[in-house]
Amino acid sequence: MRPGGVALALLVAVSLYGSRSVRASSSDEAFVRKTVSSHDIVIFSKSYCPYCKRAKAVFAELNQVPYVVELDQREDGSDIQDALGDMVGRRTVPQVFIKGKHLGGSDDTVEAYENGSLAKLLGINVDDDDDDDDL
């Protein structure tokens, strides 16, 4: 390969394969917006993801039932995940929404649970006697 050829090949490979800059369709974004506005608690998840399971466990601890969209069990799951990436700046799962507002991922959800802000967002009282550090 001639000088500069490796750099050119790398540039071509990155531009073809390395970037997911494909914009999500407006119908996928509309699905996310409608879902988030229709439920108090929404988790965009993948059924096998341990971080998603941890976020779901927080709501079980609070006796709250979230509306869960399992992206790996939907044909359009990848498209919805792209839409989430465009909308909130993250493609990772879980992505948690409370009363129409983006809370964040698993760590954000656990932190909000532990500091009491999640219960406040949900408008529920939590018994402080139950210090559950298992999450």
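The following questions and answers concern a predicted model of a single chain.

Q: What makes up the secondary structure of the chain, and which pattern does it follow along the sequence?
A: The chain has six helices and four strands. Read along the sequence, they follow the pattern α-α-β-α-β-α-β-β-α-α.

Q: What is the order of the four strands, and how are they paired?
A: The strands form an open sheet in the order β2-β1-β3-β4, and the pairing is mixed.

Q: Why are β2 (67-70) and β4 (101-104) said to stand at the edges?
A: Each of β2 and β4 has a single partner strand, so one side of each is left without a neighbour in the sheet. From one strand to the next, the twist averages 25 degrees.

Q: How do you know that β1 and β2 pair, given that at least two bridges are required?
A: Four bridges join β1 to β2. The cut-off is at least two bridges, so β1 and β2 count as paired. These two strands run parallel, and V42 stands opposite Y67 in β2.

Q: Which strands does helix α4 (residues 77-88) touch, and at what angle does the helix run to β3?
A: Helix α4 packs on the sheet, touching β1, β3 (95-98) and β4. The direction of α4 makes about 65 degrees with that of β3.

Q: Where does helix α5 (residues 106-115) lie?
A: Helix α5 lies across β3 and β4 and runs at about 95 degrees to β4.

Q: Why is T35 called buried?
A: The relative accessibility of T35 is 6%. Buried means under 20%, so T35 meets the criterion. The residue lies in helix α2 (residues 26-38).

Q: What makes the pairing of T35 with F31 a polar contact?
A: A polar atom of the T35 side chain lies 2.8 Å from the backbone oxygen of F31. The cut-off for such a contact is 3.5 Å, and the distance of 2.8 Å falls within it.

Q: Which residues are in contact with T35, leaving aside its neighbours within four places in sequence?
A: T35 is in contact with V42, F44, Y67 and V69. V42 and Y67 also stand opposite each other in the sheet.

Q: Why are C49 and C52 not called a disulfide?
A: A disulfide requires cysteine sulfur atoms within 2.5 Å, whereas the sulfur of C52 is 3.2 Å away from that of C49, so the pair does not qualify. By this rule the count comes to zero disulfides.

Q: Are C49 and C52 buried or exposed?
A: C49 has a relative accessibility of 8% and therefore counts as buried. C52 is buried as well, with a relative accessible area of 0%.

Q: What makes Y48 exposed?
A: Y48 has a relative accessible area of 54%. Exposed means over 50%, so Y48 is placed in that class. The residue lies in the loop between β1 (41-45) and α3 (50-61).

Q: Which residues are in contact with Y48, leaving aside its neighbours within four places in sequence?
A: Y48 is in contact with K53 and D72. The C-alpha atoms of Y48 and E70 are separated by 9.4 Å, although these residues are 22 apart along the chain.

Q: How many residues does the chain have, and what share of them counts as buried?
A: Of the 135 residues, 35% count as buried. The accessible surface of the chain comes to about 8600 Å², of which 49% belongs to carbon and sulfur atoms.

How values were computed. Residues numbered from 1 in each chain as written. Predicted model: local features only at pLDDT ≥ 70, side-chain atom pairs only at ≥ 80, totals over all residues. Heavy atoms only, no water. Buried < 20%, exposed > 50% of the residue type's maximum accessible area, 1.4 Å probe, protein only. Areas by Shrake-Rupley, 256 points an atom, 1.4 Å probe, with all protein chains shown as cover. Polar contact = N/O pair within 3.5 Å; in protein donor to acceptor, adjacent residues only side chain to side chain. Contact = heavy atoms within 4.5 Å. Axes fitted to C-alpha atoms, helices over the stretch in contact; angles between N-to-C directions.
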